[in-house]
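Please examine the sequence and the three-dimensional model shown below. The paragraphs that follow lead through the structure step by step.

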Amino acid sequence: MTETDVVDFLINLDNEFKQTYLVYQDLLYSLKNKNYDLLYKTLLGFLPFIKNTFNNNYHNNFIKVIKRIAFDFRSFRRLKARIMICKGLVKFTRKKADAFALAS
């Protein structure tokens with residue numbers, strides 16, 4: 001299995017992750033080719049999300065701890081949900097939590 005196969009497999013697991021990866025690749029391409037107009041337009045288009053990242057109190061160490069505790073999570077969606085629950089961004093009732101567990 002080549003590196004390209006691994007990347008293709010991983011980005012196809014989650015649509016949001018795939019979109020994020022593609023934006024990241026666009027930014028790298030723009031920087032490498034010194035296409036600053038495309039870089040500026042891309043960053044401007046994602047400005048609300050960038051501001052949201054700085055406004056929320058996400059710490060890299062917190063996410064590392066969650067990843068270490070939750071190493072057995074098999075899906076990115078579950079890891080993302082765990083982070084959002086721990087940060088208080090999402091609240092589940094018992095009924096919703098059971099439905100979420102059954103759906104995954």
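**A guided reading of the model**

Of the 104 residues of the protein, 10% count as buried. The model is a predicted one, and the values discussed here were computed from it. The protein exposes about 9000 Å², and carbon and sulfur atoms supply 59% of that exposed area. The secondary structure consists of 7 helices and 0 strands. Read along the sequence, the pattern is accordingly written α-α-α-α-α-α-α. Among the contacts in the protein with a separation of 6 or more, 28% are made by residues 24 or more positions apart.

The walk along the chain may begin with the loop between helix 1, residues 3-11, and helix 2, where Asp14 has its place. Is Asp14 buried or exposed? Asp14 counts as buried because its relative accessibility is 16%, and the cut-off for a buried residue is under 20%. A polar atom of the side chain of Asp14 lies 3.0 Å from the backbone nitrogen of Phe17.

Helix 2 covers residues 15-32, and Ser30 is found in it. Ser30 has a relative accessibility of 1% and therefore counts as buried. Which residues does Ser30 touch, if those up to four places away in sequence are not counted? The residues in question are Asn35, Leu38 and Leu39. One of these, Leu38, is found in helix 3. Leu38 has a relative accessible area of 33%, so it is partly exposed. Leu38 can also be related to Leu27: the two residues are 11 residues apart along the chain, and their C-alpha atoms are separated by 8.2 Å.

Between helix 2 and helix 3 there is a loop, and Lys34 lies in it. The backbone of Lys34 deserves attention. Most residues other than glycine have a negative phi. Lys34, however, is a residue other than glycine with a positive phi, near 55°. Its relative accessibility is 61%, and Lys34 therefore counts as exposed.

The next part of the walk concerns the surface. Tyr40, Leu43, Leu44, Phe46, Leu47, Phe49, Ile50 and Phe54 make a nonpolar surface patch of about 820 Å². Which helices each supply at least two residues of this patch? They are helix 3, residues 36-45, and helix 4, residues 47-55. Helix 4 provides the largest share of the patch, namely 4 residues.

Several members of the patch can be considered individually. Phe54 lies in helix 4, and it counts as exposed because its relative accessibility is 70%. Two other members, Phe46 and Phe49, are connected with a further feature. How many aromatic pairs does a search of the whole structure find? The search finds 1 aromatic pair. This pair is formed by Phe46 and Phe49, with 6.0 Å from centre to centre. The angle between the planes is 45°, and the pair is tilted. The two partners may also be considered by their accessibility. Phe46 counts as partly exposed because its relative accessibility is 33%. Phe49 has a relative accessible area of 54%, and it is therefore exposed; the cut-off for an exposed residue is over 50%.

The walk closes at helix 6, which covers residues 76-86. Which residues of helix 6 are buried? They are Leu79, Ala81 and Ile83. Just after helix 6 comes Gly88, which takes a positive phi of about 80°.

Conventions:
Residues are numbered from 1 along each chain as its sequence is written. Side-chain values use heavy atoms; hydrogens and water are left out. Patches are made of residues with over 30% relative accessible area and no salt bridge: like charges are joined within 9 Å, nonpolar side chains (Val, Leu, Ile, Met, Phe, Trp, Tyr) within 5 Å. Accessible areas come from the Shrake-Rupley method with a 1.4 Å probe; for residues, only the protein chains shown count as cover. A salt bridge is a side-chain nitrogen of Lys or Arg within 4 Å of a carboxyl oxygen of Asp or Glu. Buried means under 20% relative accessible area, exposed over 50%, partly exposed in between (1.4 Å probe, protein chains only). Contact means heavy atoms within 4.5 Å. Rings of Phe, Tyr and Trp (its six-membered ring) pair if their centres lie within 6.5 Å; planes under 30 degrees apart count as stacked, over 60 as edge-to-face and the rest as tilted. A polar contact is a pair of N or O atoms within 3.5 Å; within protein, one must be able to donate a hydrogen and the other to accept it, and residues adjacent in sequence count only if both atoms are side-chain atoms.
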